[in-house]
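Biologist: Before I use this model at the bench, I want the reasoning behind the labels. Can we go through them one by one?

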Amino acid sequence: MSRKRSNSGQILLIAAFIMASLLLSAQLYILEVGKTTGELESDSLNDFLLAMKLGSRHVVIGSLANISNGGQSGNLAGNLRKWSSLISEQYQFGKSVLTYAVKETAPYSSGIWTSWSVNGTGISSAYANFTYKLSDREVNVDQSYFMNITTAVFIESSYQTVSGDTKQVNVTISLLNEEAPALAKQIAIYYRFLDSWQIPDATNNYNILDYGNGTYIASFVANILSQNVEVSVHIVDQREIYVQANATSTQI
Amino acid sequence: MFDQKGQTRIIEAFLAIAVIFSVLLISVTFPSSPNLDRQKFLANSGTQVLIKLDANGTLGNLIMQENWTAIKRSLDILLPIGVSFNLTVYDENLRPINSQAVQNSNLLSREAVSVQYICAAQNLNVQFFVLRLQLAWTR
């Protein structure tokens, strides 16, 4: 009995040490769990991929805007080279590699297709394929995507003779971005008079109606000697992409 | 003899209390883990705001126009109330290009998170930028 009583103090101390180590390990565990940032990185990676695709889209749009306004067709590949280089320098999630290929199958050349025809249709388009690879200890990403940016304009023109050679011309214009109605930033309309293209103005009662859904109707009165009333529509869309279409008006 | 035993037990009890107390003291003085939910929310908000501004090319165009006031105003509107921010814009060679600070208050002595964003300007002359947005709660 007396031996038992003399050990009780030591047991108390041992119990205190056990409790202390339990408390400490619990505290350390809570800290370690708090440091887990896997979910945070996963969200950030998704945002990074989204930003990369947005950037790829902007590069293709900007390059098409440049080329359709007279820039070199090699500008698309040049800009994509810089973009993929910048993305490949990002190491926050691991080793990133973005590769691209501009479309070379007809009607595209160097990733660009411009068709500004006389049948009432005009197309400015760019196409590039991308492959993104990310390798890290915890995550591997292998994604392919493409960017097809197309501005298209469709025009229909009609005229009626007012008197003599004076004709009332109506031109209906439809502008599309990626097959969806789009708004124009600038519209210029021309009509052919002998061997030159003329711009109708206030003296021609020029008027253009914007329906707000990508459809515009322009009308003007002009002296045109020929029965072939040719019109040309030049458009810059909100993305600065230029497109034009020519058409011969039908008599009504 | 009985008195000595009593004193020893009192000392042992004090020692046990001291051990427990010192452990509690250590655990209280441990560096508190940062509130990850709040940090995650900040980082997500920052990235989402930049993505929203970049979605139609506005962000790149504002940078090319060096319209820092408009960028600051956009961040002021889009970020949650009570968030301080500081945005630095670098060109593709990582040279800072914003001539004036794009921030709503000083982030000094605050626990900040940093978000990096790569941006391409949708323009006739395509340019590339790296944005670093630092965010912290005001309180």
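What follows is a short exchange on chain B and its contact with chain A.

Modeller: Keep in mind that this is a predicted model.

Biologist: How do you know what pattern chain B follows?

Modeller: Helices are DSSP runs of at least four residues, and strands are runs of at least two. Chain B has 4 helices and 4 strands. Read along the sequence, they give α-α-α-α-β-β-β-β.

Biologist: What makes chain B differ from a compact globule of 139 residues?

Modeller: The globule rule is 2.2 Å times the number of residues to the power 0.38. For 139 residues that puts the radius of gyration near 14 Å, but chain B has 26 Å. So chain B does not match the compact globule of the rule. Its C-alpha trace spans about 100 × 30 × 25 Å along the principal axes.

Biologist: Why are some residues of chain B called buried?

Modeller: Because each has 20 or more other C-beta atoms within 10 Å of its own. Such residues make up 24% of the 139 in chain B.

Biologist: How do you know which residues of chain B touch chain A?

Modeller: Two residues are in contact if their C-beta atoms lie within 7 Å. By that test, 35 residues of chain B are in contact with 38 residues of chain A. Helix H1 (2-29), helix H2 (36-54) and strand E3 (113-120) of chain B each supply at least two residues of that side. H1(B) gives the most, with 10 residues.

Biologist: What makes up that side of chain B by class?

Modeller: It has 19 nonpolar, 11 polar and 5 charged residues.

Definitions and conventions
Residues are numbered from 1 along each chain as its sequence is written. Chains are lettered from A and ligands numbered from 1 in the order in which they are written. This is a predicted model: local features need pLDDT of at least 70, side-chain atom pairs count only at pLDDT 80 or more; totals for chains, interfaces and linings use all residues. Ala, Val, Leu, Ile, Met, Phe, Trp, Tyr, Cys and Pro count as nonpolar, Asp, Glu, Lys and Arg as charged, and the others, Gly among them, as polar. A residue is buried if 20 or more other C-beta atoms lie within 10 Å of its own, exposed if 12 or fewer, and partly exposed in between; C-beta atoms are placed from the backbone.
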